[in-house]
Amino acid sequence: MSQPIELRAAPHQHSGRSVPVIMRNVVYSMLPICAFSVWQYGLSALALLLTVTAACLLTERLLNRASAQPNTLNDWSAAITGILLALTLPPAFPLWMGVVSGFVAIAIGKALFGGLGYNVFNPALVGRAFVQAAFPVAITTWVPAFATQRFSELVPSTLTAPLMMPPDVTAWIKQQSVDAFTGATPLARWKFENVAVSANDLLSGAATASTGETSAILILLCGLYLAARKFMDWRIPVAVLASAAATAWLFQLYDPAHYPSPLFVLLSGGLVLGAVFMATDMATSPVTPLGVWIYGAVIGVVTMMIRYFGGLTEGVMYAILLGNALTPFIDQFTQPRVFGAQKDEKP
Amino acid sequence: MSLPEQADDSITLDTFLEGVWRQNPVFVMVLGMCPTLAVTVSAINALSMGVATTFVLVSSCLLISMIRNLVPKEVRIATYIVIIATFVTLVDYLIQAVSLKLYEALGAFIQLIVVNCIILGRAEAHASKHPPLKSVINALGMGVGFTIGLFALGGTREILGAGNLFGISLFGEHFQPWVVMVLPPGGFFVLGGWLLLFALLRSKPATEGGH
Amino acid sequence: MSAPEQSQTPASKMILTMGVVACVCGVLIVGAFQSTQEAIAENKRIVLERAVFKVLPGAATVRKYAATPAGIQPLTGDAVPEGGVKFYAAYDQSGGLKGIAAEAAGKGYADTVRVLYGYEAKCQCIVGISVVSMRETPGIGDKIITDQAFLKNFEALDVRVNPEMTALANAVKTVKHGSKSNAWQIDAIAGATVTSKAVGRGINDSAQALLPKLVAHIGELQP
């Protein structure tokens, strides 16, 4: 109440930027990626996208009502969480597990902290981390892209009855005329079989991956749109990708026979998707200019450490969650000096 | 320091219910979290741990209450710990004699009952100030409350994590286990869920709400 | 500091109280130990026999031994002599030596995977394993208990000792799924490579330590 109010003479102009406007534009920018993934994986990917997003919206609405909060559906943030979450899940992920992850994302990842802006962690990644721990087999069961019957039938595992184990999909995959489907992601093939998938295969969208991971160029273009319209801090994805590439480059310099090229590192797994759409979540990333660079670099390096030395094949998710957890500290230690203040002034 | 501590020795329903509901060690006081989170991967483990703790709790409180006027207060904590440790050792042997499988499942947490703060807390706050019968009833209530708490966690985690309750399959062989529930993080998730539920239940009568 | 209101408890009373309490507790503990000792020993024997019979079907009795560089000696307690390796000798109904069981441990994905394996002198091979304890991811790592193709590796796993009696002729090795070509190799479970390797490494370590000391003296185990 006692804040000084700065008075300026008219005319005033509204910048036109508000939470719903930014969020709506993020959703628009993700639509091409969704369309590409539906083209790749067909009906199953479409069903997954719709179901997970609906689960997120429904959870948000129910929890708003239960906690007597105003309806926050129209700020579009729950929709972003839903779409992002679906893009990080395998395309033939059972829908009921998708609903579980959507519920966890909104309920535990966001509502328990107090809603949008108070959440410490990116809600979509909280949801994914939960199902990764709960259903480790289903979340590493992949189906090939461009299967012949992808627009006419669902993958059998998509419609698994709630609480039940998804059926084996190898028979279904055999029916599709897809050549040389390995069932392992490029990262897993590098880690366990020492095979580096070529950049061509990674870019064509045919590599084994989560629903929205393979379209690296498309994701970067969408990110460019957001950055150009200043709806996203361009420094975060640049810092993440640059630090990951630099780490990969150093390791390759040290042992070229074992460690893959920086290009493979950037294009495989969910690094680009995570860097552009998840690390940049405004509520969970730092605000200071220096802090943003540190945050991005931490995510890039930690991702590479998990990929190279961890038990998991992909580390983007945990790296971003760790970056989220560090955000308040990064912000605190990188406060810019107030103009005119003495350097060593302590109150 | 105006009045000498005049303990109320009358036994009421609340003497028992205090530990079950009003001061439930798991859901309200959030005490003894070490075994609560660690051994509740299945209903039977949770129940056994609860019964073992209740046995130690009731017998130590009985003994401590009986000798409460003989023990000089300077050495009371040491005396209590010796008594509690004795009963824990008894339980340790008993469980080994009954089932080695259970003993291995509960692991070090049987010995760690010694440092369960519910027990020393009851001894210090209740048994040392009240006659044996009242202490035993109160300790039994606490034990039952603790067992209920452990069972609530263990049951939930076994149902979601394995699709079983007491080893009996509930959903058929195609059930998809929620692996996270039998891992340590699952303990925290389920405990959080139960704490939330209990907080809701306890706040309802105050607001006279309800459906 | 003059004349405290409560009189000081005399030291003798404190010592006496604690002494009496300690005595009573001591009696209780020793009493409980004495009365449960037999039941516990019996329980331990049953658990051990059940585990050994599982990896050496047809066995009827089990005896504990330790193999040391100097030879084989029977074990009474749980203490193993310096440089020795504990193993179990299993005998069939008629008293003939059925086989040897020993424990192996390897670092898995989450924690140490401990297995018991059965060894038969006739074929100089491992004829069965059973998991003693592990904390691998359910649904992935715990396939080492259920996966029939994996368990088939241990129906005749070659662990012959080299002629110099210093080590195994061929080290037991876990290989990538589908690439087993020798009798001393273990075909890993697809998707559970880390756990499969833990089992292989554990068995190799244990067999390397035990069998060279044991094979020369195995005749002594025959009754």
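# Reading contacts and salt bridges

Reader: How many residues do chain B and chain C each bring to their contact?

Author: Chain B contributes 22 residues and chain C contributes 21 residues. Please bear in mind that this is a predicted model.

Reader: What area is buried between chain B and chain C, and which atoms give it?

Author: About 1900 Å² is buried between chain B and chain C, and carbon and sulfur atoms give 79% of this area. On the side of chain B, the residues B:T86, B:Y93 and B:L100 supply 26% of the area buried against chain C, more than any other three residues.

Reader: Which helices of chain B supply residues to the side that touches chain C?

Author: Helix 4 (76–98) and helix 8 (179–182) of chain B each supply at least two residues to that side. Helix 4 of chain B gives the most, with 12 residues. A general point helps in reading a helix: an α-helix has 3.6 residues a turn, so residues three or four places apart point the same way.

Reader: How many salt bridges and polar contacts lie between chain B and chain C?

Author: The rule finds 0 salt bridges across the interface of chain B and chain C. The count of residue pairs in polar contact between these chains is 3.

Reader: What does the contact of chain A with chain C involve?

Author: Here 5 residues of chain A are in contact with 6 residues of chain C. The area buried between chain A and chain C is about 390 Å², with 73% given by carbon and sulfur atoms. In chain A, the residues A:P136, A:V137 and A:F192 lose the most area to chain C, together 65% of what that side buries. Between chain A and chain C there are 0 salt bridges and 0 residue pairs in polar contact.

Reader: How should salt bridges be read, and how many does the structure hold?

Author: Side chains of opposite charge can pair when their charged atoms come close. The structure holds 11 salt bridges over all chains. One of them joins B:E18 and B:R122, with the closest N and O atoms 3.9 Å apart. This pair links distant parts of the chain, 104 residues apart: B:E18 lies in helix 1 (residues 13–22) of chain B and B:R122 in helix 6 (residues 117–127) of chain B. B:E18 and B:R122 are both buried.

Reader: Which salt bridge links two strands of chain C?

Author: C:R114 and C:E103 meet in a salt bridge at 2.8 Å, N to O. C:R114 is in strand 5 (residues 112–120) of chain C and C:E103 is in strand 4 (residues 97–107) of chain C, 11 residues apart. C:R114 counts as partly exposed because its relative accessibility is 34%, and C:E103 is partly exposed at 33%. Elsewhere in chain C, the residues C:E42, C:R45 and C:E49 are linked in a network of salt bridges.

Reader: Is helix 12 of chain A mostly covered or mostly uncovered?

Author: Helix 12 (residues 271–278) of chain A is mostly covered, with 8 of its 8 residues buried. Among them are A:L271, A:V276 and A:F277.

Reader: Which residues make a nonpolar surface patch on chain A?

Author: A:L112, A:F113, A:Y118 and A:V120 make a nonpolar patch of about 420 Å². A:L112 sits in the loop between helix 4 (95–107) and helix 5 (123–134) of chain A. A:L112 is classed as exposed because its relative accessible area is 61%, and exposed means over 50%.

Definitions and conventions. Residues numbered from 1 in each chain as written. Chains lettered and ligands numbered in written order. Predicted model: local features only at pLDDT ≥ 70, side-chain atom pairs only at ≥ 80, totals over all residues. Heavy atoms only, no water. Patch = residues over 30% accessible without salt bridge, like charges linked within 9 Å, V, L, I, M, F, W, Y side chains within 5 Å. Areas by Shrake-Rupley, 256 points an atom, 1.4 Å probe, with all protein chains shown as cover. Salt bridge = Lys/Arg side-chain N within 4 Å of Asp/Glu carboxyl O. Helix = DSSP H or I, 4+ residues; strand = E, 2+ residues; numbered from the N terminus. Buried < 20%, exposed > 50% of the residue type's maximum accessible area, 1.4 Å probe, protein only. Contact = heavy atoms within 4.5 Å. Buried area = accessible area lost by both parts, 1.4 Å probe. Polar contact = N/O pair within 3.5 Å; in protein donor to acceptor, adjacent residues only side chain to side chain.
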